[in-house]
Amino acid sequence: MRVIVVDDSRVMRQIVIRTLRQAGYGDWEVTEASNGAEALELALAQQPDLVLSDWNMPEMSGIDLLRRLTVAAPDVPLGFVTSEGSPQMRELAAREGALFLIAKPFTPDVFRSTIDPFLA
């Protein structure tokens, strides 16, 4: 699996990557992006199996990244890993085509139970 982890915080990207490994996804090839614009460029070039994106970022937000990917690379799935998980955000994410929204703080178990159904 090729995954792009998108967050404007380098520390948070490392936490997400560590949690992926702890959840049993240690063999995934992970690329990092620091904002939505960078992630879009990488996704178009690499056609990853999954994009895990923060919501609030400079340059291009996660929801704008999702909207752009839906048009430019509809086969690239995106899930959110973000600090906010309000019902309104979850509804908007689902309506725009996100696979899921994992709200921080999260655990390896939450990653497994959320991500595994989409791998089947």
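Buried means under 20% relative accessible area, exposed over 50%, and partly exposed in between (1.4 Å probe, protein chains only). The model is predicted: local features need pLDDT of at least 70, side-chain atom pairs count only at pLDDT 80 or more, and totals for chains, interfaces and linings use all residues. Residues are numbered from 1 along each chain as its sequence is written, and side-chain values use heavy atoms, with hydrogens and water left out.

**Exercise 1.** Find the partner of R13 in a salt bridge, and state whether each residue is buried or exposed or partly exposed.

Solution.
- A salt bridge is a side-chain nitrogen of Lys or Arg within 4 Å of a carboxyl oxygen of Asp or Glu. The structure holds seven of them.
- R13 pairs with E32, with 2.8 Å between the closest N and O atoms.
- This pair links distant parts of the chain: R13 sits in helix α1 (residues 10–22) and E32 in strand β2, 19 residues apart. Helices (H or I, at least four residues) and strands (E, at least two) are DSSP runs, numbered from the N terminus.
- R13 is buried because its relative accessible area is 10%. E32, at 30%, is partly exposed.

**Exercise 2.** Locate the two ends of the salt bridge between D54 and K104.

Solution.
- The N to O distance between the side chains of D54 and K104 is 3.9 Å.
- D54 lies in the loop between β3 (50–53) and α3 (62–72), and K104 in the loop between β5 (101–103) and α5 (108–119); these distant parts of the chain are 50 residues apart.
- D54 has 5% relative accessibility, so D54 counts as buried.

**Exercise 3.** Describe the salt bridge between D64 and R67, then name the network formed by shared partners.

Solution.
- The side chains of D64 and R67 meet at 3.4 Å, N to O.
- Both belong to helix α3; because they are three residues apart, about one helical turn separates them.
- D64 is partly exposed at 33% relative accessibility, and R67 is partly exposed at 34%.
- Elsewhere, salt bridges that share partners join D7, D54 and K104 into one network.

**Exercise 4.** Work out the surroundings of N35.

Solution.
- N35 is in the loop between β2 (29–33) and α2 (36–46).
- At 11% relative accessibility, N35 counts as buried.
- A polar atom of the N35 side chain lies 2.8 Å from the backbone nitrogen of E38.
- Contact means heavy atoms within 4.5 Å. Leaving aside neighbours within four places in sequence, N35 is in contact with V6, M57, P58, E59 and M60.

Notes:
Polar contact = N/O pair within 3.5 Å; in protein donor to acceptor, adjacent residues only side chain to side chain.
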